[in-house]
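Please study the structure shown below before working through the exercises. Each task is followed by a solution in steps.

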Amino acid sequence: SSGINAEYGEPIRDAVNQIADPCSELVRTSAVVQSNPKDTISRRELSDHAKGVAQGVHSIIQSLQQGSQGTQACIDAVAVIKGIGGDLDTMSMFARTGTLENTGEPFSVHRENILGTAKKLVENTKQLVSGAGADQAALKEAALAAQETIKDLADASKLGAGALSLDDVETQVMLLNACMDVAKALGTLIDSTKDACGKSSDDESMDTLKASAKEMIQSVSSLLKTVKSAEDKATRGTRALEIAVDSVSNDIKSLDNSGVSVPPASPEDLIRA
């Protein structure tokens with residue numbers, strides 16, 4: 001596999017080669033036992049060869065798991081992050097209806113935690129991009145670190161939204177949606193990192209990875225601006241407009257990269273939509 005480098009490919013090849021003889025002997029002794037079921041020596045040999053094949057298969061599975069640990073970590077992380085995004089979306093719906101539970105704490109208690117965690121996610125982004133050119137162990141470490149950070153960021157953002165006044169529904173929704181955009185961008189980045197792992201620098205997947213990393217940084221930057229202006233009513237309208245523009249831009253990029261063919265639309269189609 002292109003995502004498994006030579007360090008892990010060699011043990012897999014060795015494991016496959018080592019199982020060849022036991023498989024051949026298993027077939028041979030099976031034929032002997034079938035023709036003479038009472039031959040105890042052949043039956044014992046058949047049992048031994050069956051165990052050898054089972055051990056060989058186990059070795060191959062272990063080698064495959066070791067050689068794709070980073071890829072699997074990316075797949076698992078994307079699934080977890082989708083769940084985090086869904087949870088944030090649910091919280092946002094509560095906020096829009098004015099039923100988000102208020103923590104009774106000032107927003108300032110959570111502001112620095114959100115900002116610090118978001119900045120840590122930038123470092124995770126760099127680690128992920130580097131992980132595409134590293135081994136599977138480094139890729140796994142990068143994926144798990146990013147997964148843990150986005151979980152912490154989501155928790156901090158939910159607490160921050162709950163600390164805002166119940167009369168400030170708009171800002172609650174803006175904060176939760178901004179964090180949700182970060183989660184969505186991170187999932188895309190990890191997916192792109194997985195696809196680019198082990199590929200050459202001029203491969204098309206590397207361009208997709210760079211675009212995903214740029215989108216990730218933009219979403220984090222948007223969240224930082226939202227947090228810093230959360231209690232500033234004078235800039236709230238401007239931030240809401242900026243977030244809407246960023247969200248539309250990211251959706252357009254995702255659509256462009258999806259490979260789905262979209263028929264041309266007229267102004268009337270846009271109005272109807």
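The exercises below treat a helix pair and some salt bridges.

This is a predicted model, in which local features need pLDDT of at least 70, side-chain atom pairs count only at pLDDT 80 or more, and totals for chains, interfaces and linings use all residues. Residues are numbered from 1 along each chain as its sequence is written, and side-chain values use heavy atoms, with hydrogens and water left out.

**Exercise 1.** Determine how the axes of helix α6 and helix α7 cross.

*Solution.*
Step 1. Helices are DSSP runs of H or I with at least four residues, numbered from the N terminus. Helix α6 covers residues 169-196 and helix α7 residues 204-228.
Step 2. Their axes, lines fitted to C-alpha atoms over the stretch in contact, come within 8 Å and cross at roughly 160°.
Step 3. Therefore α6 is roughly antiparallel to α7, a term for angles over 145 degrees.

**Exercise 2.** Which parts does the salt bridge between Glu-45 and Arg-28 tie together?

*Solution.*
Step 1. A salt bridge requires a side-chain nitrogen of Lys or Arg within 4 Å of a carboxyl oxygen of Asp or Glu. The side chains of Glu-45 and Arg-28 form one, at 4.0 Å from N to O.
Step 2. Glu-45 belongs to helix α2 (residues 40-67) and Arg-28 to helix α1 (residues 6-35), so the pair links parts 17 residues apart in sequence.
Step 3. Glu-45 is partly exposed, with a relative accessible area of 32%; the term covers values between buried (under 20%) and exposed (over 50%), with a 1.4 Å probe and protein chains only.

**Exercise 3.** Locate the salt bridge of Asp-191 and Lys-194.

*Solution.*
Step 1. These side chains meet at 3.6 Å, N to O.
Step 2. Asp-191 and Lys-194 both lie in helix α6, 3 residues apart, about one turn of the helix.

How values were computed. Axes fitted to C-alpha atoms, helices over the stretch in contact; angles between N-to-C directions. Helix = DSSP H or I, 4+ residues; strand = E, 2+ residues; numbered from the N terminus. Parallel < 35°, antiparallel > 145°, perpendicular 65-115°, else oblique.
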